[in-house]
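User: I am new to this structure and would like to be guided through its sheets and the surroundings of its ligand. Please show it to me before we begin.

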Amino acid sequence: MIPNDSYELLDFGKGRKLERLGGVLLDRTSPPAETFTMTEPHSLWKQADGTFWRNDGLKGKWSWRCRLPEPWILKTNHFDLELKPTEVGHLGIFPEQSPNWEWIYAKTKDFLTCRPAFRVLNLFAYTGGSTLAAAAAMNDAGKTARDNDSFFTVHVDSAKNIVQWARNNAMISALENAPIRWIAEDALKFVQREIKRGRKYDAIILDPPTYGHGTKGEVWKMERHLPELLDGCARLIEDSPAFVLLTAHSPGMDARKLGKILEYHFPGKGTCETYSMSIKTQTGRILPSGEAARMIWGLS
Ligand SMILES: C[S@@+](CC[C@H](N)C(=O)[O-])C[C@H]1O[C@@H](n2cnc3c(N)ncnc32)[C@H](O)[C@@H]1O
């Protein structure tokens, strides 16, 4: 889903990774790379255009040897993302999600051919990768904002500036007319409100952080709040379930556990698959990058 000339992991080890994103070579912090040893020569790492070091918990400093492209764009097969360096070393993309985007695109397209409505909810939606994968499938199938009552994707994130970033990603991807609803709200509150409003969905995607905050400072703790959130999600899709995709980067949340959680909250006829997410170098080395479980119901 992300072509090699857009993104490449060149090396990792000692808690760092060397990647090329949208033509810029970066050396940045990577906790999952802690237990590995770098295999590429030091001379390659020294060519990095930008370097990020943590100096204050999760926060840190970037140093640059080049001017960044303006805008700095990373192209995927179905949409583009603008990259921006943040104070925690993130850039607005988690490349390990790329196979999930391909899956969301393909499954959304399949379901569109056989359903009178298809409504996707993306919670903790960040800069919109999964939102745009579903929206691109709808757009490519000719479902535009005019079909909005039956075919749409709802993007929910509590950080207003991140929602704005995602909206801009839709624009630069020529998906500004795709049926997307942008919501800056606490994920759990939004789900509870949608239940009260009698709204229904077909597919739910969620990538909850270990710890986070709603728009009004509501505390999100994965361990404490995930069961309540998934109970709500189950009610939202109970009439016409199509798929649920749950990903996590939290300690103790391995793929098997995520699968068991999905099977508990979405009992019935869905088929559950679990897998570990990762990013691969050209030489085939694998950097573990989170866990995933997805449940899919019959395409009928
Ligand atoms: C781990 S990131 C999601 C990454 C994204 N799914 C991707 O792969 O590109 C977590 C996101 O959850 C959001 N968030 C944290 N707490 C939240 C809450 N209580 N309600 C809604 N969004 C929240 C953050 O603003 C952040 O954008």
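The exchange below concerns a predicted model and takes its sheets and ligand shell in turn.

User: Which strands are the edge strands of the open sheet of 5 strands?

Analyst: This open sheet has the order E1-E2-E3-E4-E5, and its pairing is mixed. From one strand to the next, the twist averages 20°. An edge strand here pairs on one side only, and this applies to E1 (7–13) and E5 (59–64). The edge strands are therefore E1 and E5.

User: In E2, which residue is the bridge partner of Glu 8?

Analyst: Strand E2 covers residues 16–21 and runs antiparallel to E1, with 6 bridges joining the two. General knowledge of sheets helps here: strands pair through backbone hydrogen bonds, either parallel or antiparallel. The partner of Glu 8 in E2 is Arg 20.

User: What is the order of the open sheet formed by 7 strands?

Analyst: The pairing in this sheet is mixed. Its edge strands, each pairing on one side only, are E10 and E15 (271–280). Neighbouring strands are turned against each other by 15° on average, direction ignored. Read across, the order is E10-E9-E8-E11-E14-E16-E15.

User: Which residue in E16 stands opposite Ile 279?

Analyst: Strand E16 (residues 286–296) is joined to E15 by 9 bridges, and the two run antiparallel. Opposite Ile 279 in E16 stands Leu 287.

User: Do E9 and E10 pair in the parallel or the antiparallel sense?

Analyst: Strand E9 spans residues 151–157 and strand E10 spans residues 180–184, with 5 bridges between them. One of the pairs is His 155 with its bridge partner Trp 182 in E10. The sense of this pairing is parallel.

User: What is the handedness of the β-α-β unit that contains helix H4?

Analyst: Helix H4 comprises residues 160–172 and makes the unit together with E9 and E10. The helix packs on the sheet, touching E9 and E10, and its direction makes about 165° with that of E10. The unit is right-handed.

User: Which residues around the ligand come nearest?

Analyst: The ligand has 20 residues around it. E9 and strand E12 (211–213) each supply at least two residues of this shell. Those that come nearest are Phe 124, Tyr 126, Asp 207, Gly 212 and Trp 220.

User: How many charged residues does the shell around the ligand have?

Analyst: Sorted by class, the shell has 9 nonpolar and 7 polar residues. The charged residues in the shell number 4.

Key. Residues numbered from 1 in each chain as written. Predicted model: local features only at pLDDT ≥ 70, side-chain atom pairs only at ≥ 80, totals over all residues. Helix = DSSP H or I, 4+ residues; strand = E, 2+ residues; numbered from the N terminus. Axes fitted to C-alpha atoms, helices over the stretch in contact; angles between N-to-C directions. Right-handed = clockwise from strand over helix to strand, strands pointing away. Near = placed C-beta within 6 Å. Nonpolar A, V, L, I, M, F, W, Y, C, P; charged D, E, K, R; others polar. Contact = placed C-beta atoms within 7 Å.
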